[in-house]
Amino acid sequence: MFFDRPESGELAILVHLDLHSENEPEDPREFEELVLSAGGDPVDFVMGQRQSPHPKYFVGTGKLEELASLVRHHDAKLLIFNHNLSPSQERNLEHHLKCRVLDRTGLILDIFAQRARTHEGKLQVELAQLQHMSTRLVRGWTHLERQKGGIGLRGPGETQLETDRRLLRERIKSIQKRLAKVRKQRDQGRRSRRRAEIPTVSLVGYTNAGKSTLFNTLTTSEVYAADQLFATLDPTMRRLELPETGPVILTDTVGFISHLPHKLVEAFRATLEEAANASLLLHVVDAADEERHRNIQRVGEVLEDIDAHELPSLLVYNKIDLLEEGRPRIDRDSRGVPVAVWLSAQNGMGLDLLQDAIRERVGARMTHGVYLLEPQQSRLRARFYQNNAVVQEQTLDNGDVKLEVRMPEADFLRLLKSEHLNQGDLVELPGFDDLAQSA
């Protein structure tokens with residue numbers, strides 16, 4: 001829309017430099033997966049080393065001539081860097097190589113643009129793209145500096161570049177207002193769930209760790225899941241009934257990646273707030289990935305960016321079917337609290353253990369007891385059944401009913417209040433077996 005640039009194609013040359021000035025270099029293997037996920041067709045992969053980026057071309061002059069030769073040889077229309085380029089570096093490379101140049105942020109934005117399905121997701125992607133694009137208008141596109149002229153086009157002297165900047169600012173403000181409305185609506189939904197005392201469990205983790213597959217298996221949904229980076233972009237919520245605990249809201253979120261562009265974190269804040277306000281985070285990890293420990297650390301950095309790093313979390317090591325001695329299990333801390341679950345979402349191994357661990361972590365505020373109800377309290381008995389709270393029941397010879405009840409504490413107290421009762425009004429028994437002996 002704003003650019004006069006060489007047309008892009010899918011035949012791509014990839015460029016990765018090991019920079020000694022970088023504390024944590026990018027992963028070349030992950031870079032190639034990103035390009036494939038975007039639909040690119042890599043025809044060559046150029047690697048090299050530098051102390052620091054060249055200020056004009058990012059690469060040195062020797063590497064620049066090598067790239068120019070490869071572009072001509074492959075007739076490539078696209079050059080992708082596994083680094084973030086400045087607008088001037090991007091423009092200088094395009095001018096010299098006569099092909100489209102894309103940096104890491106632009107590549108991720110392109111993938112997000114392909115994956116967005118909902119109106120909200122498309123707005124968030126467009127906002128991130130416009131914010132990224134605004135820095136590319138400043139230097140390089142000299143034709144935009146020309147003032148409008150001709151019959152009907154003469155005006156106050158605003159250049160084309162200034163017009164584009166103004167239109168871009170107005171569009172960004174418009175999208176931000178609409179996303180603020182979305183954020184307000186999401187916040188209202190979260191308040192409603194809190195009032196109903198329904199816990200929210202959010203799936204977070206590195207991209208392609210298997211979050212959507214796990215989500216589909218747990219909730220019998222059909223969220224799009226594929227072996228590619230950023231297969232999921234739009235958040236999805238489903239109600240999950242846990243035995244003996246009741247309902248929880250399970251949320252599938254966008255996957256994280258190392259050095260996730262800050263513009264994306266800001267643009268997707270409305271979505272990521274679902275994770276930031278969860279009762280429990282399920283941090284899904286690809287157990288078969290050699291980089292799993294670094295990926296856990298990278299996800300922790302993004303969670304810190306959205307102020308979710310102090311929330312209760314449970315590590316879920318997925319894809320144990322790819323390990324030689326992978327077996328489902330629960331790891332506990334010194335107090336016996338579940339801290340990690342090993343499972344395979346693909347073949348269902350260990351899903352029962354995950355539900356047990358979630359139940360232990362979010363089901364702490366449960367009422368579980370055995371109560372003696374007289375015949376005139378049959379309405380209360382019926383209400384317990386309506387709430388799926390009855391574990392077992394036995395009718396005694398005198399017509400009384402002993403009832404074992406398990407339900408969320410808030411629902412229990414609300415039910416008693418609707419029946420004009422207090423908890424002290426119920427006859428509580430020490431246990432089901434004890435009553436059977438006394439009867």
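1. A residue counts as exposed when its relative accessible area is over 50%, and as buried when that value is under 20%. By this cut-off H420 is exposed, because its relative accessibility is 74%. The model discussed in this note is a predicted one.

2. H420 is found in the loop that runs between α13 (409–418) and β15 (427–429). Its backbone also deserves attention: phi of H420 is positive, at about 60°, although the residue is not a glycine. Most residues other than glycine have a negative phi.

3. K319 likewise is a residue other than glycine with a positive phi, in this case near 65°. The residue is placed in the loop between β9 and β10 (329–332). K319 counts as buried, because its relative accessibility is 17% and the limit for a buried residue is under 20%.

4. The largest nonpolar core has 29 residues, and those that touch the most other members are I80, L107 and L303. Two or more residues are given to this core by each of β1 (11–19), α1 (28–37), β3 (78–81), α4 (104–115), α9 (269–276) and α10. Helix α4 supplies the largest share, with four residues.

5. Helix α10 also holds V299. V299 is buried, since its relative accessible area is 0%. In sequence V299 and I257 are 42 residues apart, while their C-alpha atoms are separated by 7.3 Å in space.

6. C99 offers another pairing across the sequence. It lies in the loop between α3 (87–97) and β4 (100–102), and it is buried because its relative accessible area is 1%. R72 stands 27 residues from C99 along the chain, and the distance between the two C-alpha atoms is 9.8 Å.

7. On the surface, E301, E304, D305, D307 and E310 form a negative patch. Of these residues, E310 belongs to the loop between α10 (292–305) and β9 (313–318). E310 is exposed, because its relative accessible area of 70% lies over the 50% cut-off.

8. For a reader new to the structure, the loops may be taken together. C99, in the loop between α3 and β4, is buried at 1% relative accessible area. E310, in the loop between α10 and β9, is exposed at 70%. K319, in the loop between β9 and β10, counts as buried at 17%, whereas H420, in the loop between α13 and β15, counts as exposed at 74%.

Methods:
Residues numbered from 1 in each chain as written. Predicted model: local features only at pLDDT ≥ 70, side-chain atom pairs only at ≥ 80, totals over all residues. Heavy atoms only, no water. Patch = residues over 30% accessible without salt bridge, like charges linked within 9 Å, V, L, I, M, F, W, Y side chains within 5 Å. Areas by Shrake-Rupley, 256 points an atom, 1.4 Å probe, with all protein chains shown as cover. Salt bridge = Lys/Arg side-chain N within 4 Å of Asp/Glu carboxyl O. Lys, Arg positive; Asp, Glu negative; His and termini not counted. Charge placed at Lys NZ, Arg CZ, Asp CG, Glu CD. Buried < 20%, exposed > 50% of the residue type's maximum accessible area, 1.4 Å probe, protein only. Core = buried A, V, L, I, M, F, W, Y, C linked by side-chain atoms within 4.5 Å.
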